[in-house]
Amino acid sequence: MSRSNLKTLAAQEIRRRIFAGELRPGTKIDQDAVAEELGTSKLPVREALITLDHEGVVEHIARRGAYVAELTRDDIRDQYRVFGLVSGLAAERAAKSLSPESLQGLADLVDRAESCAEPAEQERLNFEFHRRINHGSDARRLISILRTLGKTVSHGFYEAHEDWPAKACEDHRRIVEALLARSGDRARKAVERHFADGAERAVALLEAQGFWDRV
């Protein structure tokens with residue numbers, strides 16, 4: 001695996017631990033332990049921490065190391081909502097440009113997700129659902145921005161939120177219905193609401209795990 005891929009893998013894992021509540025604000029990140037668990041050297045881990053620092057998830061303190069940033073509830077909400085706003089714009093464009101075959105493909109993805117019981121596969125189908133809508137917008141800049149935003153979202157959402165798959169499928173059907181009706185406004189609002197609901201789920205999970213409790 002290339003160093004770039006190792007850096008991405010390390011960033012995904014550290015990000016997942018933070019947004020799953022396994023690493024709390026102010027916690028020092030043990031680079032040696034992360035490198036050992038991932039079976040890599042410390043260099044990709046250091047590079048991953050720099051990326052996470054730029055995202056505002058990690059804070060570097062001189063001569064002390066890297067720590068989980070003091071994220072607030074609104075920080076979590078903002079991350080999802082910004083993603084939702086741009087995704088909503090893409091869906092609004094896609095409502096006018098997606099072919100009937102592409103729309104049927106989206107409906108088929110929802111059917112597959114509903115019959116799937118494996119969180120990793122559900123998450124993959126979710127990614128593919130949104131990817132197809134984003135690319136269906138034919139909006140080069142929106143797609144580029146969404147690609148960047150997508151890298152900052154934690155993996156493992158379906159595994160961490162057991163009741164989310166059913167809710168996601170319900171939301172996805174509502175999005176598909178809006179796209180089939182060629183209603184850009186409905187599609188945009190449905191996507192924005194979908195991400196806003198995800199934000200509240202993420203905040204609730206972190207609260208339940210004591211993410212903001214002072215030790």
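1. A quick definition to start: a residue counts as buried under 20% relative accessible area, exposed over 50%, and partly exposed in between. Keep in mind as you read that this is a predicted model.

2. Let's use that straight away on Arg182. Its relative accessible area is 31%, so Arg182 is partly exposed. You'll find Arg182 in the loop between α9 and α10. Its backbone is worth a look too: phi is near 60°, a positive value in a residue other than glycine.

3. Arg63 is another arginine to check. Here phi is near 65°, again positive and again not in a glycine. Arg63 sits in the loop between β1 (58-61) and β2 (65-68). Is Arg63 buried or exposed? With a relative accessible area of 86%, Arg63 is exposed, because the cut-off for that word is over 50%.

4. Both of those strands fall in a stretch that has a record attached. An unreviewed UniProt entry carries the annotation "domain: HTH gntR-type" for residues 4-71. In the model, that span is 56% helix and 12% strand, and its end C-alpha atoms lie 27 Å apart.

5. Now for the inside. How many cavities of 30 Å³ or more does a search of the whole structure find? The search turns up 1, and the largest cavity has a volume of about 60 Å³.

6. Who lines the largest cavity? The residues are Leu109, Val110, Ala113, Gln122, Leu125, Asn126, Phe129, Tyr158, Cys169 and His172. Sorted by class, that makes 7 nonpolar, 3 polar and no charged residues. Three helices supply at least two lining residues each: α5 (100-114), α6 (119-136) and α9 (164-180). The biggest share comes from α6, with 4 residues.

7. So α6 deserves its own point. This helix has 18 residues and reaches 26 Å from first C-alpha to last, close to the 26 Å expected at 1.5 Å a residue. Its buried residues are Gln122, Glu123, Leu125, Asn126, Glu128, Phe129, His130, Ile133, Asn134 and Gly136. An α-helix has 3.6 residues a turn, so residues three or four places apart point the same way.

8. What do the buried residues of α6 pack against? Their partners are α4 (73-97), α5, α7 (140-150), α8 (157-160), α9 and α10 (184-208). Among these partners, α5 and α9 also help line the largest cavity.

9. One last backbone detail: just after α6, Asp138 takes a positive phi of about 55°.

Conventions. Residues numbered from 1 in each chain as written. Predicted model: local features only at pLDDT ≥ 70, side-chain atom pairs only at ≥ 80, totals over all residues. Heavy atoms only, no water. 1 Å grid on protein atoms, 1.4 Å probe; cavity = no way out; pocket = protein on both sides within 12 Å on 5 of 7 lines; lining within 4 Å. Points joined across faces, edges and corners; volume = space filled by probe spheres on them. Nonpolar A, V, L, I, M, F, W, Y, C, P; charged D, E, K, R; others polar. UniProt positions renumbered as here; feature names shortened; annotations may be inferred. Expected span 1.5 Å × (residues − 1). Buried < 20%, exposed > 50% of the residue type's maximum accessible area, 1.4 Å probe, protein only. Contact = heavy atoms within 4.5 Å.
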